[in-house]
Every structure is written in C-alpha cells, then in structure tokens.
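Here are a few exercises to work through with the model open beside you. Try each task yourself before reading its solution.

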Amino acid sequence: MNQPLNRRTVGAVLLLFAGLLATSPAGAQTKGAAPKDPETIAQIQAWNGECLACHTEAALHKPPRPGMDIKALSEALTDPAKYDRSNHAGMACKTCHVGGYRDWPHKGPAQAVPGKAETLDCNECHAQKSWHVDAQVAKSVHSKNLSEKFTCSTCHDPHVYQTAAKLKEPAKIVAQDNGMCLSCHQSDEKFAAFGGKLTPAKKRPDIDAIHAWLPNTKLHWNAVRCVECHTPVSPTRTLAISHEILGKDKAQRDCVTCHSQDSALRTGLYRHVAETESAELGFLNSAVLGNSYVIGATRNTHLDRFGLVLIGLVFAGVLGHGLIRILAALGRRSVK
Ligand code: HEC
Ligand code: HEC
Ligand code: HEC
Ligand code: HEC
Ligand code: HEC
Ligand code: HEC
Ligand code: HEC
C-alpha cells in the first residue's frame, strides 16, 4: 500500500471510532445501567422497600421502629412515585448510598468511622459527562464565591430529576429547570444559606425587578428557561446545555435571539422537539409554534410567499397602468 492511502485508512478508522464513541447511547457509558430482567427488578424493589419503610411521608405517622429521630427523618423523605419517573428509576438506593447507610441505625455520616455512611458523587458513575460538566460548573458564577456545599445535587435532586430528552414537553422542561433556579432565587431562606455566608452577606435580589426590562416576566418564566439567557451555547454535542452560568454582564438581553426566524430556542429549549420536526404546513419553527406563539420566530412561509405575490401584483399593476398611459399618450401623439 502506498503512503497517502495508508494515512487515509488510518484517518477513516479513527473517524469511525470517534463517531462510534460520540453516538454511543448514554447508558453505554454509565456504570450499572438499570436492569431489565424480572428477578433483578424484584430484588431491587425489595431492597428499596426496606429504605422506603422509613423514608416516606407515611412512615412518619407510623414509625416502623421505636427510638427514631423523627425530626431528622422528616427532613430526609423521598417520594417513591417521583423516583419511579426519574432518571434513576429502577436503581437500588444502596447503589448510591453506600457503607453505613445499608443498616439502621446508619453509621454516622459525620463521623470518620470505617464503613461510614457515604453517598457517591455523580462523577463516580457519569465520568464522561461529568468531565465536561465539572469544568463548566467550575467557571460558573456560583463557583466563584459560594461554599463547596453548592454541588450538583443543589440543583439536581437525583431522586426526582428527569432530563429534557425524557420530559420532551417544553412546558414540563421549563417548569423543572426553572424550578431548580427559582427554588433558591425566589426563596430568601435558601438563598441566605449560600449568599448569607458571603462577606458582606448578599441579599437575594428580586427576580422580577432585575428583569423589569423584559415585558411580562411571568410569561417568560413559564415559556423560556433561565439557562437560555444565562449560559453560552453548549460546546459539546452530547450535552444539551452548558453548565457555565454567566455573570449578569454577559447574560442575553437581545430579544432577537429568540424572537427571530433562526431563534436560539431551536437549539436550546426546543432541541428535542426540533430534531424531529418538519416544516409542517409551511410554518417556520413549527416545533416552537406547537407550544407557544413567539413573536417573530413562528412565521408561515406560505403567508410570506402570498404576501410577496400580493406586493408583486400591486407593483405590476402600477407598472402596467403607467405603461398603458405612456402607450396611450404615444398613440395620441402619433394620431395628431
Ligand atoms: C451509582 C451510579 C450513579 C450515580 C452516583 C449517579 N448516577 Fe445518574 N445514572 C446512573 C444510571 C445507572 C443511570 C441510567 C442510565 C441509563 O438508563 O442509560 C443514570 C442516569 C442519569 C441521567 C440520564 C442519562 C444521561 O446520561 O443523560 C442523568 C442526567 C443523571 N443520571 C444525572 C446524575 C446526577 C446529576 C448525579 C449526581 C447527583 C448522578 N446521576 C449520580 C447511575 C448513577
Ligand atoms: C428503620 C428506619 C430506617 C431505615 C430502614 C433506613 N433509614 Fe435512612 N434514615 C433513618 C433516619 C431516622 C434518618 C435520620 C438521621 C439518622 O437518624 O440517622 C435517616 C437518614 C438517612 C439519610 C440522610 C442522612 C443525612 O444526614 O442527610 C440517608 C441518605 C438515608 N437515611 C438513606 C437510607 C437508605 C439508602 C436506606 C436503605 C438502604 C435507609 N436509609 C434505611 C431511618 C432509616
Ligand atoms: C443516583 C444516586 C442516588 C440514588 C439511586 C438514590 N439517592 Fe438518595 N441521595 C443521593 C444524593 C446525591 C443525595 C444528596 C446528598 C447530599 O446532598 O449530601 C441523596 C440524598 C438522600 C437523602 C437525604 C435527604 C435528601 O433528600 O437530601 C435520603 C433520605 C435519600 N437520599 C434516600 C434515598 C432512597 C430511599 C433512595 C431509593 C429509593 C435513594 N436515596 C436513591 C443520591 C441517590
Ligand atoms: C445551577 C444548577 C445546576 C448545577 C449546579 C448542576 N446542574 Fe446539571 N443541569 C442543570 C440544568 C438546568 C440542566 C438542563 C436540564 C436538561 O436539559 O436535562 C442540567 C442538565 C444536566 C445533565 C443532562 C444534560 C444532557 O444534555 O443530557 C447532566 C448529565 C448534568 N446536568 C449533570 C450535572 C453534574 C454532574 C453537575 C455537578 C458537577 C451538575 N449537573 C450541576 C442545572 C445544574
Ligand atoms: C430573556 C433573557 C433572560 C432570562 C430568560 C432570564 N434572565 Fe436573568 N438576567 C438577564 C440579563 C440580561 C441580566 C442582567 C440585568 C442587568 O444587569 O440589568 C440578568 C440578571 C440576572 C441576575 C443578576 C442579579 C443581580 O443583579 O445580582 C440573576 C440572579 C438572574 N438574572 C437570574 C435569573 C433566573 C433565576 C432566571 C430564570 C427564572 C433568569 N434570570 C431568566 C437575562 C435573562
Ligand atoms: C441554592 C441556591 C441557588 C441556586 C439553586 C441557583 N443559584 Fe444563582 N445564585 C445564588 C447565590 C447565593 C448567588 C450570589 C453569588 C455571588 O454573589 O457570588 C447567585 C448568583 C447568580 C447570578 C448572578 C451573577 C452575577 O453576575 O451577579 C445568576 C445570573 C444566577 N445566580 C443564575 C442562576 C441560574 C440560571 C440558576 C439555575 C440554573 C441558579 N442561579 C441556581 C444561589 C443559587
Ligand atoms: C430566551 C428567549 C427569549 C428572549 C431573549 C426574549 N423572549 Fe420574549 N418570549 C419568548 C417566548 C418563548 C415567548 C412566548 C410566550 C408564550 O408562550 O406565549 C415570548 C413572549 C413575548 C411577548 C408576548 C407577550 C404576550 O403577552 O403575549 C413579548 C411582547 C415579548 N416576548 C417581548 C420580548 C422582548 C421585548 C424581549 C427583549 C427585551 C424578549 N421578549 C426577549 C422568548 C424570549
């Protein structure tokens, strides 16, 4: 084989390999993906049943064992129905909550004892995604001044969180994702747990007052995500959003980013819908239109064309009329 062909073959193999890596489903990179066989599923349900015997609302009223710290338990409840819809549905609680969490009383998470209760970090299982996400979080506004307690699970409740791809409906995605931000940015108490520790202590700014330049803020909070304006476009194809929350000076203020034909919403919030859309009935951004009317972004191409034809006809009419008048005048002159 000659040299260039050889190099090309190597290049093609590398490309193919990179392609395979890039297109492999998320589960393939995840340690311990949710099981499918009935026996394992039944086993996990039994295990989780043991934890849920104590860690649900119902257990508070009818404690299965005497001597439990009911107040502490009331702050450590999970909702099994939400868990079953979450990304982590089907997983054993003790896959993430290891060591001393497996038995009760739990071997003090606060004490440094062998086999103490520990919860695994996201990156222990999602190494590949976390590699990108961690770096973006590190550049984020929340990482500059806030304590190390501001972690992935401050925003993502691993027992509840569902990815945008799983939720699909834009209204649900917006409600969940904005809920992550607003649970803190609209709560003096939660905000103070982080902002209050700064010197000088930071008071929570009123979210609607900050964005007073945006008409009908409430409507926007229900229709677009905070991250649409507060993060740059995702630099990684495999991740729908960037985790770098930009400072207020870099936030998006330009109405046209969304209210225009090539609306940023196509690659942001509507990414999961837009991937399957066709230009239905001639509407541009029909995926967006199906869910809301975004002035300037959702236009009908047939109407556009009809409008152009109308303008053309008027123009032709004026031209034709002028032409006839000139011809008539010429005719009159030649008769004379
Ligand atoms: C013990 C391992 C483990 C830990 C720790 C863990 N996960 Fe998962 N995660 C999984 C498994 C298994 C799935 C299901 C994978 C599948 O179905 O493809 C999953 C699914 C997901 C998904 C949806 C699939 C995807 O990759 O987009 C997201 C998002 C996710 N986890 C985020 C998190 C976050 C955030 C944390 C930390 C708070 C976390 N996970 C901690 C194992 C783990
Ligand atoms: C007999 C009741 C009982 C069982 C069973 C039980 N727990 Fe707990 N758990 C508690 C109580 C009570 C607390 C409150 C703090 C304490 O007393 O340790 C708690 C606290 C926790 C915490 C939070 C600790 C913190 O400080 O935030 C986690 C996580 C936890 N349990 C996980 C589990 C898991 C996982 C299982 C199942 C493998 C499980 N628990 C089984 C009663 C129980
Ligand atoms: C994918 C990993 C994962 C799985 C699976 C998981 N948890 Fe958790 N859990 C976490 C993380 C992360 C935290 C937050 C720890 C922190 O912030 O210190 C947490 C916190 C908790 C807490 C403390 C209170 C709270 O909500 O912050 C309890 C109780 C708990 N989990 C119970 C359970 C039970 C019961 C199950 C099974 C039905 C379960 N967990 C499954 C990761 C997981
Ligand atoms: C300030 C809040 C916040 C913090 C902190 C945060 N996330 Fe997220 N994360 C989000 C939002 C909002 C989304 C968008 C929801 C979606 O598209 O699924 C998201 C999405 C994700 C996704 C799914 C992205 C995709 O395209 O599949 C993963 C995985 C993820 N986060 C992991 C992490 C990890 C790991 C950490 C900690 C290093 C972390 N997140 C910290 C808010 C946060
Ligand atoms: C349409 C784009 C847009 C959306 C959507 C948006 N923001 Fe903003 N946000 C901005 C801009 C631009 C600024 C800078 C305003 C200024 O400096 O006057 C800002 C400022 C902020 C600030 C800085 C406050 C301060 O002065 O210290 C916070 C906090 C904030 N936004 C949070 C949010 C949250 C939470 C959401 C979701 C509920 C959200 N934003 C949605 C564009 C947006
Ligand atoms: C648990 C609380 C908490 C959550 C959750 C949270 N934030 Fe914040 N955020 C803060 C605190 C505290 C500050 C002030 C930090 C500082 O001044 O250093 C802040 C600051 C900001 C700022 C202002 C930066 C500036 O230039 O002054 C923006 C923008 C912002 N957050 C957006 C978001 C968005 C978007 C989300 C959701 C994806 C989110 N936050 C989730 C607590 C939170
Ligand atoms: C991040 C994307 C985004 C940005 C940036 C944005 N908008 Fe919007 N806007 C939307 C969406 C989505 C809706 C549709 C709400 C719905 O479902 O009716 C909307 C609705 C509106 C409406 C209709 C309100 C009504 O009562 O029907 C007005 C007016 C508007 N935006 C003006 C603006 C102006 C002015 C700016 C710039 C200062 C702006 N928007 C910036 C996404 C955006």
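## Exercises on a predicted model

K168 is exposed, with a relative accessible area of 56%. Keep in mind throughout that this is a predicted model.

**Exercise 1. Find where K168 sits and describe its backbone.**

Step 1. Start with the location: K168 belongs to the loop between α10 and α11.

Step 2. Now check the accessibility. Exposed means over 50% relative accessible area, and K168 has 56%, so the residue counts as exposed.

Step 3. Turn to the backbone. The phi of K168 is positive, about 65 degrees, although the residue is not a glycine. Most residues other than glycine have a negative phi.

Step 4. Look for another case. N216, also a residue other than glycine, has a positive phi near 50 degrees. Its place is the loop between α13 and α14.

**Exercise 2. Work out how the iron atom of ligand 4 is held.**

Step 1. Identify the protein donors. H156 and H243 each coordinate the iron atom through NE2, at 1.9 to 2.0 Å.

Step 2. Judge the geometry. The angles among the six donor atoms are 87 to 179 degrees, and the site is octahedral.

Step 3. Place the two histidines on the chain. H156 is in the loop between α9 and α10 (164-167), while H243 is in the loop between α15 and α16, so the pair ties together parts that are 87 residues apart in sequence.

Step 4. Check accessibility. Partly exposed covers values between 20% and 50%. H156, at 21%, counts as partly exposed, and H243, at 22%, is partly exposed as well.

**Exercise 3. Describe the protein shell around ligand 4.**

Step 1. Count the neighbours. The ligand is surrounded by 20 residues, and the closest are C152, C155, H156, A240 and H243.

Step 2. Sort the shell by class: eleven residues are nonpolar, five polar and four charged.

Step 3. Ask which helices contribute. At least two shell residues come from each of α7 (127-139), α9 (152-155) and α11 (170-185). The largest share, four residues, is supplied by α7.

Step 4. List some N and O distances. In the side chain of H156, an N or O atom is 2.8 Å from a nitrogen atom of ligand 4. For H243, a side-chain N or O atom is likewise 2.8 Å from a nitrogen atom of the ligand. With A164, a backbone N or O atom lies 3.0 Å from an oxygen atom of ligand 4.

**Exercise 4. Repeat the iron analysis for ligand 2 and ligand 7.**

Step 1. Take ligand 2. Its iron atom is coordinated by NE2 of H55 and NE2 of H106, at 2.0 Å. Angles of 87 to 179 degrees among the six donor atoms go with an octahedral site.

Step 2. Trace the pair along the chain. H55 lies in the loop between α2 (38-52) and α3 (57-61), and H106 in the loop between β1 (97-98) and β2 (118-119), so they tie together parts that are 51 residues apart in sequence. H55 counts as partly exposed at 22%, and H106 counts as partly exposed at 29%.

Step 3. Move to ligand 7. Here H220 and H259 coordinate the iron atom through NE2, at 2.0 Å. The arrangement is octahedral because the six donor atoms subtend angles of 83 to 178 degrees.

Step 4. Trace this pair too. H220 is in helix α14 (residues 217-223) and H259 in the loop between α15 (226-230) and α16 (271-274), so the pair ties together parts that are 39 residues apart in sequence.

Step 5. Classify both residues. Buried means under 20%, so H220, at 18%, is buried. H259 has a relative accessible area of 32% and is partly exposed.

**Exercise 5. Which peptide bonds leading into P105 and P200 are cis or trans?**

Step 1. Recall the general expectation: most peptide bonds are trans.

Step 2. Inspect P105, which is in the loop between β1 and β2. The bond from W104 to P105 is cis, with omega near 0 degrees.

Step 3. Inspect P200, found in the loop between α12 (188-195) and α13 (207-210). The bond from T199 to P200 is cis too, with omega near -5 degrees.

Note on methods. Residues are numbered from 1 along each chain as its sequence is written. Chains are lettered from A and ligands numbered from 1 in the order in which they are written. This is a predicted model: local features need pLDDT of at least 70, side-chain atom pairs count only at pLDDT 80 or more; totals for chains, interfaces and linings use all residues. Side-chain values use heavy atoms; hydrogens and water are left out. Donors are N, O and S atoms within 2.8 Å of the metal (3.2 Å for Na, K and Ca); water is not among the atoms, so sites may look incomplete. Four donors count as tetrahedral if all angles lie between 85 and 135 degrees; four count as square planar and six as octahedral if opposite donors are over 155 degrees apart and all others between 65 and 115; anything else is irregular. Buried means under 20% relative accessible area, exposed over 50%, partly exposed in between (1.4 Å probe, protein chains only). A residue is near a molecule or strand if one of its heavy atoms lies within 4 Å of it. A polar contact is a pair of N or O atoms within 3.5 Å; within protein, one must be able to donate a hydrogen and the other to accept it, and residues adjacent in sequence count only if both atoms are side-chain atoms. Ala, Val, Leu, Ile, Met, Phe, Trp, Tyr, Cys and Pro count as nonpolar, Asp, Glu, Lys and Arg as charged, and the others, Gly among them, as polar.
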